[in-house]
Structures are given as C-alpha cells and as structure tokens.
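Work through the exercises below with the model open. Try each task before reading its solution.

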Amino acid sequence: MEQNEELLVPKNTEKKKRRRKYWETQRLNLKRNKSILWFIVPAALFTIVFSYIPMFGVLFAFKDPAFDSAMRRGADIIGALKYSNWTLETFKSIFNDSFWLSLKNSVLINLIKLVFVFPLSILIAIQLSEMKNQKLSKLILIIICIPNFLSWTVVIKAWTSFFDPDIGFLGKLLSKATNGEIISYYEASFKPLFVFYSAWKGAGWGSILYYAAIMSIDKSYYESATIEGANKIQKAFYLTIPAIGGTIALMLVMMFSGFTGVGLEQLKLMLDPTNYIESQQTLDYYIYELSIGQGAGVSYVQAAALGVFNGLVGLLLLLGGNALTTKTLKRGLW
Amino acid sequence: MNKTIDQPNITKRRLFKKNPNKIKETLSDRIIHAVSVSLLIFFVILIVFPLLNYFSLAFNNYAFNDKIILWPAKLDLAPIKYVFSANSKDFWRSFLNSVIITLIVTFVSNLVEAMAAYPLSKKNCPFRSGILMFFIITMLFSAGVVPIYLLMRSFNLLNTIWSIILISISNVTNLLFFKTFFENVPSEIQEAAIIDGASPLQMFFRIIVPMALPVFGSCCFFTIVGMWNGYGAALIFINSEATEAMPLAYYLYISLTNGQAATMYDDFLRNYLPNIQAASMLISIIPILIIYPYVIKYIKSGATLGSVKG
C-alpha cells in the first residue's frame, strides 16, 4: 500500500504537468497558426447544420402527441416544441409488438448475412490470391465488382426479371420443373433472397480489402509452410486468416454497428405493397413508415424515440464490438 | 580412394533431382485448387448471366421476350428509341437532376473536406484532436430520420434536389482519407513554399492539391458512384409525386412501381413495358460504365499497393 501511494504522488504531478504543457502548446499553436483554422470553417458549418443541429431532435422523443398534431398542421419546430408537453410516455409506447417483430427481422437478416455473406468475401479473396494466373484473377476481380456499381433498382429489377416465369431464364426453368405452376418464391423465402441479393451486389467488392491485405503478406511464410507440409486449407486457416485478422476485425465491428438496419433502398424495392408479409417488416422500414409514410400511423414522436434507440444501440454495438475485437484479436478501430 | 571421389557426385545428383524448394503439389491441394477456380468461375457466371439476360430485353422485340438467353432473340431498337423520344421527358428530367446533384456534391464535398483535412494533418494545428473528435462523433451517432426530415421541412427544401445535395456534402470518411494522405506529404516541400512566401491558401491550392490528385480521384469516384446510384436521401425528402426533383435511380424505382398503371391506354407501352424498362435501366448505368475503367485501375493499384507494403 505504502509503495503504491509513493508511486501515485509523482504520477499525479506528472499528469498535471503534462496537462499544463498541453494547454501551453495549444495556446502557442493558436497564436501562431490561427489563420489555418479558417480552412475548417466550411466543413464545420455543414457538419453543425446537418449533423449537430439534428441531434437536438432527440428532444422530440420526450414530447407528447400534441407535438405530432402541431407538426401536421404545419407549425414550425420551435412552436410545436412550445405547444407540447414533456413526457416519458413515448418510450413506453414504442416497445410494442410491431417493434419487436421488426427488430427480430432486422437482427435475423443481419445474422444470416454474418454467417453466409461475411465469410464469402474472405473466401473469394483467398481463392483469388491462390490463383496462379494473375491476369485471370484480376479479370475475375473486375467482373465480380461490377454489381456493386449498379444501383439497387437495376439489381432487383434484373433479378426479378430473371426469376420471371414468362421471360426470365431461371423463372422458365423453375416453372418447367414444377409443370407450369407459378411458384411464389417471394413469400416463402424473403429473408434468404434478401441476403442473396445483397451478397450478389456486395460480396465481390467486399473481397477487395481482404485481397489487398492478403497480397501484403510476406510470401516467405507460405514457402516455409509448404516445406513444413501444410496443405492449402491449413495455410488458409493458420496463416492467411490470422494475418488479415486486423482487416476482418475492422469489418466485423463495422458490421456490428449496423446490426439493426438492413438497407432501406433494397427493402423498399423488394416490398410488395399489395401483399404484405410479416418478414418484410424491419426496423429501418418501420421507422421510415412512422416518420414519412403516407398512412395514418405517422408519428414523429415515436419515430424520433425509435431513432434515438437505434442510434444508441448502434453506438453501443460499435463500442462493444470494438472492445470485443481489441480483447480477442488485439485489434480494433482505434 | 573411390569413395572420396564418389561422394560429392552423389550429393550433387540428389540436389538436382530433389530440390527442397520445389515441393510437388499434393493431390488434395490440386483438388482444392480446381474446386476454388471452378467456384470463382461459377460466381462470374452468376454475375454475368442475369445481367446479360436482363439487358438483352432492351434490344429485343416484345414477342420474342421469352426466347432470350444471353443475347437479344430478335433485334428491335424500338425500346431504346422510345427512351430517347419525347415520351420519356420525365426520365431525362431525372437524368439531368442526377447529373446536377452528382456534379455539385462531388465538387463541393471533396473541396470542403480536403480543406478541413489540411490543417488537421498538421501536428501544430491548435485543438487538433478536439476538432477531429467533433467530426468523428457525427459518424458514430445520428439522431435518425425524423429530425433531419423536419429540419429540411423548416428550410422549405422538401421535394427539391437541394435537400439531397446539402445532406450529402458532409463526408467524414473522405475527410479521414485526405488527412492520412496529407500527413504523408513531405514537410520539406511545405517549408520551402513558406520560405518562398506562400500563404496557407496558396500552399493548399498550389502545392497540396496538385500532389493529392490521386486521392482526389478516388474520393471523387466514390462520391460519384454513391450519388448516382443511391437514393436513400431521396426516399426521405422527395415525395413520390414530385417527379421534377427526382434523381434518376429514384425515378426508376418509382416508375417500376407505377409503370403498370401508365400502360392502360397504350398498346405499344403495354407490349414493350419490360423492354422499355430494361432500356432505361441500361441508359442509367452508362455514366458508371464510362468511369468503370477507373475502378479497374483502382483495383490493380490497390492490389499491388498491398504487396509493396509487405
């Protein structure tokens, strides 16, 4: 104990000293390099107006439904804020059945993505790096990156047309296999199809980062592993994957932070407004419908509360995922 | 005597026959290699086949739509002609909107972010870490759709392209890209410029920007692709009736859902609807196809960049 206290005293003064030194350098820097700060002003203005001012929208979540009716009548935000009362009721009312359904669907879709799509990019990168013909592997890389640069509208329309029993190639095959019976592949397998489309669009482009990481591994490791008698699978598992662990951890954390969202653009395209099925309901779609939807269920207060929930969960998942990867893989975002 | 002469010969022969650096691939390795190559080729087919099958519709006669496999079954340019005719005014209107949005956002966003990144890349920038945190927080937390929607509403910018432009300008990822690049610009060059009497503004535009052109290239490229293809902001800010303010991808999405209704009184449109849709989709991806060679360059340089590092 005594020893500890002895150690603590100089540490504390050192901290203070360092802090004083920090402020001293900042003051000097400010004095000498004041003009350079003007460069930041335009970006800071955009950030304040379109990122920081909306953060005050968190306040809407603590308002009663009078805020909604005032906004719908066309009041301005300040007026509506004055008009309505503060309450915590909204946070009780948002956790209803359709919320849990949409949360469940979002998390399920992301879990399927995590299990199937996330490793797929790594697999593609490893396969590409193992190819002997460099020109062919570059060509394959260029082709499998194409879908990432098409808009979701094109991707979904091309695939629905491909599945079409009248004009699409696959659709014709499927309808022949079932003797002309029209199959509703859509309703039975909304989630797998959703994940398949996002894999088709993004897996190739996602592999680029891993490919570059693999290319930077020292080739002599592979040579010595070959001499030791490792086969390709062993080399992939014990050499390549640990070597690109940092990149994998980074992508994993990024994926975790978006675990409650599934991508509104893709979802809206795959939705069939005339044929509602439960598995379509995901969290970002639910919030979208609550805030901008055409229906009567529009509620800014609830949508704002859900937005706060979503943002906080995303932040927590990011920090938690980062802590997890720093602990297990010794790599993190910062 | 004989033994001492023979021995080096034996070792020499062994060395040439069995080079330890060249171990023959085992059978299992060759099988794995074959499987992985065929898997990759399968992926390529999986990507190319649906696209060719779909875009063939754009050049096809409607009566032969079911005959298409990889190329048009019966060549017919009517769908393409229709998209270029006066009937597709809305399409070209939204095409123009997309061009305007993409150009403005790409120029302003990258300029503004690069300017902000320049002081942040300097060690002696006052409150450097604090300002950096100020930008990074916006990446970590956002308050959601409603506040930004209501903000745009109070600015009277709903159903205009300006809402999309303004919300897209702030881009912290690009800021961090620029910052890392600027940090690696040799300080000797900057010192020389200061001695020659360059002001910070001159330094930025005359020295830093020309040196950072490759980074500007890739940042601009990703902004262009994102703005051309994305319509997440349009979904929020643009009403489905406000055709005059739609970006192209959003217009195509809306026209897919409303397409059926327009064909009620028009035989030509009813027959050719899938073909016309395919033709407009094809035209919408032309700008991306034009800049795609840049991607190829990026992929190649990215792949080799990694190998240089190691």
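Helices (H or I, at least four residues) and strands (E, at least two) are DSSP runs, numbered from the N terminus. This is a predicted model: local features need pLDDT of at least 70, side-chain atom pairs count only at pLDDT 80 or more, and totals for chains, interfaces and linings use all residues. Residues are numbered from 1 along each chain as its sequence is written, while chains are lettered from A and ligands numbered from 1 in the order in which they are written.

**Exercise 1. Place Phe178(B) and describe its surroundings.**

Solution.
- Step 1: find the element. Phe178(B) lies in helix H8 (residues 172-183) of chain B.
- Step 2: apply the burial cut-offs. A residue is buried if 20 or more other C-beta atoms, placed from the backbone, lie within 10 Å of its own, exposed if 12 or fewer, and partly exposed in between. Phe178(B) counts as buried because it has 24 C-beta neighbours inside 10 Å.
- Step 3: list the contacts. Two residues are in contact if their C-beta atoms, placed from the backbone, lie within 7 Å. Neighbours within four places in sequence aside, Phe178(B) touches Glu113(B), Ala114(B), Ala117(B), Ala212(B) and Val215(B).
- Step 4: compare sequence with space. Asn110(B) and Phe178(B) are 68 residues apart in sequence, with their C-alpha atoms 9.1 Å apart.

**Exercise 2. Profile each chain: secondary structure, burial and contact range.**

Solution.
- Step 1: take chain A. It has 17 helices and zero strands. Of its 334 residues, 35% are buried. Among chain A contacts between residues at least 6 apart in sequence, 68% join residues at least 24 apart.
- Step 2: take chain B. It has 15 helices and zero strands. Of its 310 residues, 34% are buried. Among chain B contacts between residues at least 6 apart in sequence, 68% join residues at least 24 apart.

**Exercise 3. Split each chain into domains and inspect the contacts between them.**

Solution.
- Step 1: note the origin of the bounds. They come from an automatic or database domain assignment.
- Step 2: divide chain A. Domain 1 covers 14-89 and domain 2 covers 94-328. Nine residues of domain 1 of chain A are in contact with six residues of domain 2 of chain A. By class, that side of domain 1 of chain A has six nonpolar, one polar and two charged residues. Here Ala, Val, Leu, Ile, Met, Phe, Trp, Tyr, Cys and Pro count as nonpolar, Asp, Glu, Lys and Arg as charged, and the others, Gly among them, as polar. The C-alpha centres of domain 1 of chain A and domain 2 of chain A lie 34 Å apart.
- Step 3: divide chain B. Domain 1 covers 2-76 and domain 2 covers 80-309. Eight residues of domain 1 of chain B are in contact with eight residues of domain 2 of chain B. That side of domain 1 of chain B has six nonpolar, two polar and no charged residues.

**Exercise 4. Describe the interface between the chains, then the largest nonpolar core.**

Solution.
- Step 1: count the partners. 81 residues of chain B are in contact with 82 residues of chain A. On the chain B side, helix H2 (residues 27-55) of chain B gives the largest share, 16 residues.
- Step 2: sort the chain B side by class. It divides into 57 nonpolar, 19 polar and five charged residues.
- Step 3: find the core. A nonpolar core is a set of buried Ala, Val, Leu, Ile, Met, Phe, Trp, Tyr and Cys residues joined through C-beta atoms within 7 Å. The largest has 141 residues; Tyr211(A), Tyr300(A), Ala304(A), Ala116(B) and Tyr250(B) have the most contacts inside it. Helix H11 (residues 190-215) of chain A gives the most to this core, with 14 residues.

**Exercise 5. Examine two residues with positive phi.**

Solution.
- Step 1: recall the background. Most residues other than glycine have a negative phi.
- Step 2: take Phe127(B). Its phi is positive, about 55°, although it is not a glycine. Phe127(B) lies in the loop between helix H4 (89-120) and helix H5 (128-140) of chain B. It counts as partly exposed, with 14 C-beta neighbours inside 10 Å.
- Step 3: take Asn156(B). Its phi is positive, near 60°. Asn156(B) is found in the loop between helix H6 (145-154) and helix H7 (161-169) of chain B. It is exposed, with 10 other C-beta atoms within 10 Å.
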